[in-house]
Amino acid sequence: MTRDLNDPFSSFIPQRWQDRGGREGMRRGESLPRAAAPFLSFARLLRHHAFPVAPEQVTGFMQAVTLLGPRSMNDIREAALATLAPSPDRRGEFEAHFRSHFYGDAKPAIEGEEDDETRIKDDRGTREEESQTIRQEKGGELSSALEQLSSRDFRCDADGLGQFRRKLASALPVRHSFRTTRTRSRGTLDLRRSLSEIVSADGDIPSPLLRRRQAVSRKLLLLIDVSGSMKLHTADYLKLAHAAVQGADRAEVFTFGTRLTRITSALRIRDREQALARAAALVDDWDGGTRMGPALLAFLSVPRFSAFARGACVVVLSDGLERGSHAELEIAMRRFSARAFRLSLATPLAGDPRFRPATAALRAVLPVLDDLVDGSSLKSLTDFILSLARPAPAAETIWKRVS
Amino acid sequence: MTRANAVEVAASPEAVAARLAASRYLADDSLATAIFLAIRLGKPLLLEGAPGVGKTEAAKAIAELLGRELVRLQCYEGIDAGHALYEWNYQRQLLAIRHAGEHEVDIYDDRFLIARPLLQVLRAPERRVLLVDEIDRSDHEFEALLLEFLSDFQISIPERGTIRAATQPIVILTSNRTRELAEALRRRCVYHWIGYPDAAREAEIIMLRSGHVAEATARAVAIAVQEIRTRPLAKPPGIAEAVEWANAATILEKGGSPWPQAFRRAIGVLIKDEEDLSAIAPELGRIVEEALA
């Protein structure tokens, strides 16, 4: 291609085959032609706005611009999209930054596209390393105070959550993984290892070696209602969620009220106080109204989230009091039950012995629920979650028997 | 075909688009640019998009445009190295040992090695294109394994040593985005998000793909499908479904159903979810009427 030859930055771009890490481009940073500066600063701008951009992507970006000419601004845009790979959710934001950087538009007011649909907030953008470094920078006194806090937390396990956390991983239901593990009994023949045994035994067949499919614990998905009517319980529920995220192999936690917020990565912080504070800061719709149906549908509309629900134990912590029509709630619950291994609704109202699933919304969703249980105390909830692996009759049969 | 040829084929994004059109695949500027960059930068191409927007078709078209054979690795939960890289043919090895008797036999010879897709491509990168389909279905461990392959284009076989690619193979990855891929994988690739095309382009695609559909039908189908996609469906129809629908309606029409009815009868090939069907049914007549107008 002749275009490369008379291009201003072809000189610094390494041969495609030898450059893979992008380190080459970085090392020669000082000799970059001035025309390359906007591309570098664009990458910096993106990083500043929490887009993950790797050095090799920046090199790739500049190589791509060179390859394309560039004949127009659009070439640069295409190159940026292809090499810097913004996630489709943040595409609009990316384009706004691009315009503001390369066209000098006014600073974009980026706060997502406002619409009447349920807003979804995913805390994936904030990195866990950040919180780590902040913690490290703090003085010795403070960190030792934090340590004390967590150790105290550990010692006086008043709410039983410490025990819950330790038991959880082994208490969740299991499924058979595709992966296999070596075993001495009850398995299928492991041809690879058996053959090497045979070869080393000079053609004799000693006792055959076996493999068996591994058992993996199922995913746990907690959906916590943070609306006004659940005010008394949300604090407890968050503590429970923290213990669950710490204890289970794969757990995800979302809160919903008028919006849907993913708080899992906030809860991954080991220290409970800190984790809960971060989670609390993420949620914008504390003690508001409930739009349970739309919020759950919004959850299912994100492929990444609904894929997590597939084959998982889904526990919805809510009183199930839906304002207005419950049609959407019914659809959402039906879709959940089609995906989930087990769908449970824990409602604090069931703490009252006189409770019956009598509201129209509860009656409508009851047929698709696997469990409708008491969510009024931490004790009953932890006991229930630890019993998820044990089979139980469907919610409908239980509540029919009661009423 | 050699690499020089690949460069020749991908002289510019427009050349790529023209060649793809010759392979009966209509790519928009942005996709053509991404393909061009992937070939010229020698990076894997990661295509993401909703199911049925033509990700796999794009890979097939790229293989055709380069005149290479497409090697497809379909991912699924639990896929492991034995399915993706290589496997020894144990039965043959055992037979060979038995057969050899007192003679020496090299049981790690080529004839006992079963090459799986990644190894197949590694052995003849200038003749093959690798398609790693629906990578989001595989688990994280497999993604990590793939990462190693994609960064160095080599496979280590303990009994044989490391096998390296003579030239850099062309690799296409597709994902339905049912889960987020690792950042490390994304950043190694040239990325393109395939969205649904606009009505005019979709009509062209339907014409190109189906062969015997009249232009007016194709246009009506494209408009109706665009309209249906705006509804809150569990599974919005993809391009493949739109093509099927146009085909099915044409067949029904030739069999004697009048137009609007042919569309309504053939709806089963467009929407394949009972709930969605009942949601769209009351409006379907109007949508089809409007599209035909």
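This report walks through two chains of a predicted model, from the build of each chain to the contact between them.

**Chain A at a glance**

Let us begin with chain A, which holds 18 helices and 10 strands. It has 403 residues, and 34% of them count as buried. How do the contacts spread along the chain? Among the contacts in chain A with a separation of 6 or more, 74% join residues that are 24 or more positions apart.

Chain A also has a cis peptide bond, running from G69(A) to P70(A), with omega near -20°. If you would like to find P70(A) in the structure, look in the loop between α3 (55-68) and α4 (73-84) of chain A.

**Two residues with positive phi**

Next come two residues, one from each chain. A85(A) has a phi near 45°, a positive value in a residue other than glycine. R24(B) is not a glycine either, and its phi is positive at about 60°. The table puts their places and surroundings side by side.

| Residue | Loop | C-beta neighbours inside 10 Å |
|---|---|---|
| A85(A) | between α4 and α5 (91-103) of chain A | 27 neighbours |
| R24(B) | between α2 (13-22) and α3 (29-41) of chain B | 14 neighbours |

Is A85(A) buried or exposed? A residue is buried if 20 or more other C-beta atoms lie within 10 Å of its own. A85(A) has 27 such neighbours, so it counts as buried. R24(B) has 14 of them and therefore counts as partly exposed.

**The sheet of chain B**

Now turn to chain B and look for its open sheet of five strands. Their order is β2-β5-β8-β1-β9, and the pairing is parallel. Which strands stand at the edges? They are β2 (69-74) and β9 (190-194) of chain B; each has a single partner strand, so one side of each is left without a neighbour in the sheet. On average, neighbouring strands of this sheet are turned by 20° against each other, direction ignored.

A helix accompanies the sheet as well. Helix α4 (residues 55-66) of chain B packs on it and touches β1 (45-49), β2, β5, β8 and β9 of chain B. The direction of this helix makes about 170° with that of β8(B).

For a view of one pair of strands, pick β5 (residues 128-133) and β8 (residues 170-175) of chain B. They pair in the parallel sense over four bridges. Here L131(B) stands opposite I172(B) in β8(B).

**Two packed helices in chain B**

Two packed helices are described by the angle between their axes and the distance between the axes. In chain B, helix α10 (residues 199-210) and helix α12 (residues 239-254) pack at an angle of about 65°, with their axes 9 Å apart. Their crossing is right-handed. On the α10(B) side, the contact is made by E202(B), I205(B), I206(B), R209(B) and S210(B), while α12(B) brings I239(B), A242(B), V243(B), A246(B) and N247(B). These contact residues divide into six nonpolar, two polar and two charged.

**Where the chains meet**

Finally, how many residues does each chain bring to the contact? Chain A gives 31 residues and chain B gives 33. On the side of chain A, the elements giving two or more residues are α3, α4, β2 (174-183), α9 (191-200) and α14 (303-309). The largest share there, seven residues, comes from α3(A). By type, the residues of the side of chain A that touches chain B divide into 18 nonpolar, six polar and seven charged.

Methods. Residues numbered from 1 in each chain as written. Chains lettered and ligands numbered in written order. Predicted model: local features only at pLDDT ≥ 70, side-chain atom pairs only at ≥ 80, totals over all residues. Axes fitted to C-alpha atoms, helices over the stretch in contact; angles between N-to-C directions. Left-handed = near helix turned anticlockwise from the far one by under 90°. Contact = placed C-beta atoms within 7 Å. Nonpolar A, V, L, I, M, F, W, Y, C, P; charged D, E, K, R; others polar. Pairing = 2+ DSSP bridges. Buried ≥ 20, exposed ≤ 12 C-beta atoms within 10 Å, placed from the backbone.
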